[in-house]
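Me: I am new to this structure and would love a close look at one part of it. Could you take me through the disulfides and then on to what lies around them?

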Amino acid sequence: RSSEGQANEAPEHLVSLDSYFIDQFEVSNAQYRACVQAEVCTASNLLHAYTYTNYRNDPAYDNFPVIGITWNQANTYCQWANKRLPTEAEWEYAASGPENFIWPWGNEFDPSFSAASARDVQAVDSYPNGASPFGVFNMSGNVVEWVQDVYDDSFYANSPVENPVGSGESNLRIYRGGSFGNTNGSSSTTSRRYIKEQTFFDLDVGFRCAMDAP
C-alpha cells in the first residue's frame with residue numbers, strides 16, 4: 001500500500017474488495033467477557049493494563065478495549081460473534097478511506113486525535129475527531145489490532161487483485177494500527193504492519209471483527 005513506509009509495506013498495489021462490514025469500535029472488555037462466560041473464549045492473558053489495576057474484571061473498564069489477546073483468541077471471539085477477523089486489505093481500507101489517507105483523519109499527524117497522546121488505553125468510543133472516513137474509531141493508536149492474514153514476505157508483490165488474504169502454514173500473523181503512548185506518527189499510519197507469532201500478546205494488543213455484507 002505504501003511507497004514511502006517500511007520495506008514490508010511495498011510494493012504499493014491496487015486491489016478490489018467485495019462489500020463488507022467492520023466493527024465501528026474495538027472489541028471491549030465487556031464484549032469479550034461475554035464470550036468467556038459462554039465458555040467459548042479463554043480469558044485475556046493479562047489482568048492489569050499498563051497503569052490500570054484489575055483492568056480485565058473491573059466494570060469501570062467495560063467499555064475499554066480487551067488487551068492481552070492472541071490471534072487465536074481474537075479469531076475464536078469473532079467466530080463466536082458470527083463474524084470474522086478483517087483481512088488486512090479490509091482493515092486498511094476502513095482506516096484510510098477512498099482517498100488513501102496516511103492517518104484515518106487525514107495526511108497530517110495530530111497526536112491529540114488518538115491515544116498516541118495517552119499513557120494507557122482509552123475507551124473504545126474515544127477520540128471521535130480521529131475516526132476514519134467511514135466513522136471507524138481508534139484505527140490509529142489505542143491498541144494494535146490483529147487481522148486475518150498469515151504473513152508472507154512476498155505476498156504484496158504477488159497479491160491477488162480481488163479480495164486478497166494471506167494464507168499458508170506459517171504461524172506469523174499481522175496486526176495493524178499503532179498503540180497508545182507513542183507520539184511518533186510513523187508507527188500508526190494506515191499502512192504500517194507489525195508481524196508476530198499468533199501466540200503473541202501484550203498490553204496494547206486487541207482486535208475488532210468484520211463480516212461479509214449480505
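Reply: Cys78 and Cys209 are joined by a disulfide, with 2.1 Å from S to S. Please keep in mind that this is a predicted model. Cys78 sits in helix H2, residues 71-80, while Cys209 belongs to the loop between E5 and strand E6 (210-212). The pair therefore ties together parts that are 131 residues apart in sequence. The link of Cys78 and Cys209 is left-handed, with -90 degrees about the S-S bond. Both Cys78 and Cys209 are buried.

How many disulfides does the structure hold? There are two. The other one to look at joins Cys35 to Cys41, with 2.0 Å from S to S. The link of Cys35 and Cys41 is right-handed, at 75 degrees about the S-S bond. Cys35 has a relative accessibility of 0%, so Cys35 counts as buried. Cys41 has a relative accessible area of 6% and is buried because that is under 20%. If you count the bonded cysteines along the chain, the disulfides follow the pattern 1-2, 3-4.

Now find Tyr77, which will lead you from one disulfide to the other. Setting aside neighbours within four places in sequence, Tyr77 is in contact with Cys35, Cys41 and Cys209. Its other contacts on that count are Val27, Gln31, Tyr32 and Phe207.

Tyr77 also takes us into the largest nonpolar core, which has 17 residues. Which of them touch the most other members? They are Val27, Tyr32, Tyr77, Trp146 and Phe207. Helix H1 (29-37), H2 and strand E2 (144-150) each supply at least two residues of this core. The largest share, four residues, comes from H2. Apart from this core lies another, of 13 residues, with Tyr55, Ala115, Val143 and Phe180 among them.

Val143 and Phe180 bring us to a charged residue, Asp204. You can find Asp204 in the loop between strand E4 (193-197) and strand E5 (205-206). Not counting residues up to four places away in sequence, Asp204 touches Val143, Val144, Ser179 and Phe180. Asp204 is buried yet has no salt bridge. The nearest side chain of opposite charge is that of Lys196, 9.0 Å away, and a salt bridge would need a nitrogen of Lys or Arg within 4 Å of a carboxyl oxygen.

Another acidic residue to visit is Glu88, in helix H3 (residues 88-96). Is Glu88 buried or exposed? With a relative accessible area of 3%, Glu88 is buried. Leaving out neighbours within four places in sequence, Glu88 is in contact with Val147, Asp149, Tyr156, Ile174, Arg176 and Arg193.

Asp149 appears again in the surroundings of Phe155, our last stop. Phe155 is part of helix H4 (residues 155-158). At 15% relative accessibility, Phe155 counts as buried. Beyond its neighbours within four places in sequence, Phe155 is in contact with Asp149, Pro160, Pro164, Val165 and Gly166. For a sense of scale, try finding Leu47 as well: Phe155 and Leu47 are 36 Å apart in space, C-alpha to C-alpha, and 108 residues apart in sequence.

How values were computed: Residues are numbered from 1 along each chain as its sequence is written. This is a predicted model: local features need pLDDT of at least 70, side-chain atom pairs count only at pLDDT 80 or more; totals for chains, interfaces and linings use all residues. Side-chain values use heavy atoms; hydrogens and water are left out. Buried means under 20% relative accessible area, exposed over 50%, partly exposed in between (1.4 Å probe, protein chains only). Contact means heavy atoms within 4.5 Å. Lys and Arg count as positive and Asp and Glu as negative; His and the chain ends are not counted. A disulfide is a pair of cysteine sulfur atoms within 2.5 Å. A nonpolar core is a set of buried Ala, Val, Leu, Ile, Met, Phe, Trp, Tyr and Cys residues joined through side-chain atoms within 4.5 Å.
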